[in-house]
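Student: I would like a close look at a single part of this protein, the cysteines that the record annotates. Please set them in the context of the whole chain and then go on to the aromatic residues.

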Amino acid sequence: MIAKVIVDVPASNVNRTFDYLVPQELEDTVKPGMRVSVPFGPRKLQGFVMGLADEPSVKKLKKINELLDPVPVLTEELLQLGQWVSQKTLCFLITAYQAMIPAALKATYNKEFKMVDGISLEDLPVEAAEWFRHRDRIPMEDLLKVTPTPLGLFQRLVQKNHLEVIYQMADKVTKKKIKLVHASGTKEEILEHMASLSKQAVKQREILSFLLESGEPVVQKDLLEILETTRSAIQSLEQKGYVQTIEKEIYRDPYANRDIKPTEPLPLTMQQEQCIRPVLSALEEQRHETILIHGVTGSGKTEIYLQSIDKVIKKGQEAIVLVPEISLTPQMVNRFKARFGSRVAVLHSALSAGEKYDEWRKIQRKEVSVVVGARSAVFAPFENLGLIIIDEEHESSYKQEENPRYHAREVAVHRGEYHRCPVILGSATPSLESYARAQKGVYTLCELSDRVNQRELPSVSVVDMREELRAGNRSMFSRDLFTKLKEVLSRKEQAVLFLNRRGYSSFILCRDCGYVGECPHCDISLTYHKRQHLLKCHYCGHQEPMPSRCPMCESPYIRFFGTGTQKVEEELARLLPEARVIRMDVDTTGRKGSHERLLNEFGQGKADILLGTQMIAKGLDFPKVTLVGVLAADTMLHLPDFRASEKTFQLLTQVSGRAGRHELTGEVVVQSYTIGHYSIDLASQHDYHAFYDDEMKIRRDHKYPPYYYLTLLSFSHPELMKVVDASEKSASYLSQRVSRGTIILGPVVSPIARIKDRYRYQVMIKYKNEPGLSEMISELLQHFQPEMDANGLQISVDMNAQNIM
DNA sequence: GGCTAGCCCCAA
DNA sequence: TGGGGCTAGCCG
């Protein structure tokens, strides 16, 4: 029997299957979708079994070393889906498959040196012999830790046949196990054992009597804690054969110590009823349909999700719920856990690799029927999928910005077609792509225009910050916002202050000569980090001390500019010293769980003001928040991105939605330097439809999505000439082949012209219908392959680009 | 991606 | 002549 295997090497020349002989004893167990260990050249690699065959396609065959899974990690469907993803996004097959399984299952490789049989220590040079005195295998990493590294010597010894190299392969993370202790024998025997123990063995006797009483295996750690003793007592009991220890596999449970009150389905409003109807009938008829729910913030989309899932579970099927960067919204997770209890697995970025793996295994073993997770959860290995929900479908985090560059929405729709099940897209501000599809009838459109319980949307006022400056207010708070903040404090309510950091981080500027601190490796200004008093590059990690004098002109008047959250926090402390502020940004939420802790503290009223970046815009629901302030609404508008207006509109709508969600009515103050921009004005009027119409006109005029598809080719190389050359050749190659109506733009310099000492150019392809495009680009990549291998040219392809930076 | 066979080059 | 450095080609 032959197994067709894809090996764990992302390279174009091995982007195909290799045939391996299946050892007789594995013939019954090996299945497509399993991971295997296979010899590849001199090495040992992980691979995926794509299929089985009787006849090999080559003569020379090697045997599979071992199976790495008792059951396939990729289902038949996922194997197919991987091929679809790799075609759609032009990535290697292996890259697509790796994206579908938890990182814990990715192999790690290392090499070890071992003495060849028949060679003794005396045969080796002293320097090498020293290493082998106490162990017979030396991992290569150990050799690299020493300077100068003896690696060269070891390699020479390998050539002399004194040493050999052993290739190791292991999973990244193992299953977590706990040790249980239980007493051997019957009750009578245990009592006998106790009697036979020596008088001094007090602890041992205590252990036996404890185990006797419990009657079942006890967790070793607990046992030691309760009886205040150490492992040695158990060890000596074990030696006498009085107790046994067993290892049991357990799940890490990130939600263990949490008390979630179960909830019951709520009665639906008329509008909610209307929205859930198409979902239920698609479920009933086992029919694929994509349903876009456009519901204002607080209109009860989640309840529709919950009741749809309930129906799916009752049918014995499974559901996937995607939420953007879910760790940010523990409230959302809790709502699903509250309704479906232990039938829910959670997959999000704040979990450790081991925790993610355990949650994933619950799905694989069919122990849960709902998964709530971020982007990659769209690949959850359910086999009887009944529903996929994408909440906040407009979120850019659903697009993966590295290979495979897939969009979770497209994968979801594809899986929905396969399983003949509905897909729900929900948002208060649908992406133009989705809304346009709904308008065309490709998706079913459902509108929820009212908030549940008829609560009013908060009133939004836009403040012209230039006007403030003219009036002599140089602070970052307008008079309006400041007054309202004080009122909120006096009413003992809460406020959320939102700072859109993107494009506004603090850079340093010399007031004399205009020098701006830039990264020596990237064409981007350095960001000042106050805590470490350092300048850092956010792209390559370069850092340098903050200069006290300008490196150009020696002027001492070098300062940092821009408004970071730290600076806002300081200003708040100065202006409103009585206010208790919680700041949330990358600096304060770095540690695991700190995000949730800060939000909990705010929810419990331990602070008056929550100050943060993007991460506080989504899904938060605090009853006492009555004021939302957006400190600078327009920072994003000026980025070189045709979606800038859309993103601004979405963000402002989301942020405004945080105010007045319960009994208290809410207010929003939006500060801006760009007055009269339609995205800010229409967001303040809560008018999505008008925004949609305006923005669509612009997209049509400029031939941007959703009127045109957009593919982006990015070229980078350490030498400017090489990038220019490759990108020009590519652009002209494509121009000669594409159909009329397709537009090739560029090559142009990328918005960030250089990152990590590599120059960057890009070519943009805009098209309505270009069926052969993937093939053309594949050929292009094929053509440049030698240069990519040999002299460091990099070409990245983003079919359907969301981000053009 | 990583290994090595095969090539060239250069020092002795 | 032999060893080092480099590259093309291959891995089943």
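Tutor: This is a predicted model, and everything below should be read with that in mind. The two groups of annotated cysteines come first.

An unreviewed UniProt entry gives the annotation "binding site" to C519, C522, C537 and C540. These residues are spread over 22 residues of sequence, but they cluster in space, with a largest C-alpha distance of 8.7 Å. Two of the cysteines can be described in detail, beginning with C519. It is in the loop that runs between β22 (507-510) and β23 (527-529). C519 has a relative accessible area of 3%, so it is buried. If neighbours within four places in sequence are left aside, the contacts of C519 are I524, L526, C537, C540, H542 and R754. Two of these, C537 and C540, also belong to the annotated group.

C540 is found in another stretch of chain, the loop between β24 (534-536) and β25 (543-545). Its relative accessibility is 26%, and C540 therefore counts as partly exposed. Not counting residues up to four places away in sequence, C540 touches C519, H521, C522 and K756. C519 and C522 in that list carry the annotation as well.

The same style of description can be given for the second group. The feature "binding site" is also placed by UniProt, in an unreviewed entry, at C510, C513, C550 and C553. Their span in sequence is 44 residues, yet no two of their C-alpha atoms are more than 8.7 Å apart, so these cysteines gather at one spot. C550 sits in the loop between β25 and β26 (558-561). With a relative accessible area of 1%, C550 is buried. Outside its neighbours within four places in sequence, C550 is in contact with C510, C513, Y515, S555 and I558. Of those residues, C510 and C513 are among the annotated cysteines.

C553 also has its place in the loop between β25 and β26. At 33% relative accessibility, C553 counts as partly exposed. C553 touches C510, D512 and C513 when residues up to four places away in sequence are not counted. Here again C510 and C513 come from the annotated group.

Next, the chain as a whole. The secondary structure of chain A comes to 24 helices and 34 strands. For 805 residues, a compact globule would have a radius of gyration near 28 Å, and the 31 Å of chain A agrees with this. Along the principal axes, the C-alpha atoms fill a box of roughly 90 × 70 × 70 Å. Buried residues make up 53% of the 805 residues in chain A. Among contacts with a separation of 6 or more, 73% are between residues 24 or more positions apart. Chain A exposes about 37,900 Å², and carbon and sulfur atoms supply 50% of that area.

The aromatic residues remain. The structure holds 16 aromatic pairs. One of them joins Y357 and W360: the ring centres are 6.5 Å apart and the planes lie at 25°, so this pair is stacked. Y357 and W360 both belong to helix α13 (residues 353-364), where they are three residues apart, about one turn of the helix. Both residues are buried. Y357 has a charged partner too, as R361 lies over the face of its ring at 4.7 Å from the ring centre.

A second pair, Y435 and Y692, is edge-to-face, with 4.7 Å centre to centre and 65° between the planes. Y435 is in helix α15 (residues 432-440) and Y692 in helix α22 (residues 688-701), so the pair ties together parts that are 257 residues apart in sequence. Y435 and Y692 are both buried. They also belong to a cluster linked by ring pairs, made up of Y435, F649, Y678, Y688, F691 and Y692. Elsewhere, K766 lies over the face of Y704, at 4.0 Å from the ring centre.

Notes:
Residues numbered from 1 in each chain as written. Chains lettered and ligands numbered in written order. Predicted model: local features only at pLDDT ≥ 70, side-chain atom pairs only at ≥ 80, totals over all residues. Heavy atoms only, no water. Phe/Tyr/Trp six-rings, centres within 6.5 Å; stacked < 30°, edge-to-face > 60°. Helix = DSSP H or I, 4+ residues; strand = E, 2+ residues; numbered from the N terminus. Buried < 20%, exposed > 50% of the residue type's maximum accessible area, 1.4 Å probe, protein only. Lys NZ or Arg CZ within 6 Å of the ring centre and 35° of its normal. Rg over C-alpha atoms; globule rule 2.2 N^0.38 Å. Contact = heavy atoms within 4.5 Å. Areas by Shrake-Rupley, 256 points an atom, 1.4 Å probe, with all protein chains shown as cover. UniProt positions renumbered as here; feature names shortened; annotations may be inferred.
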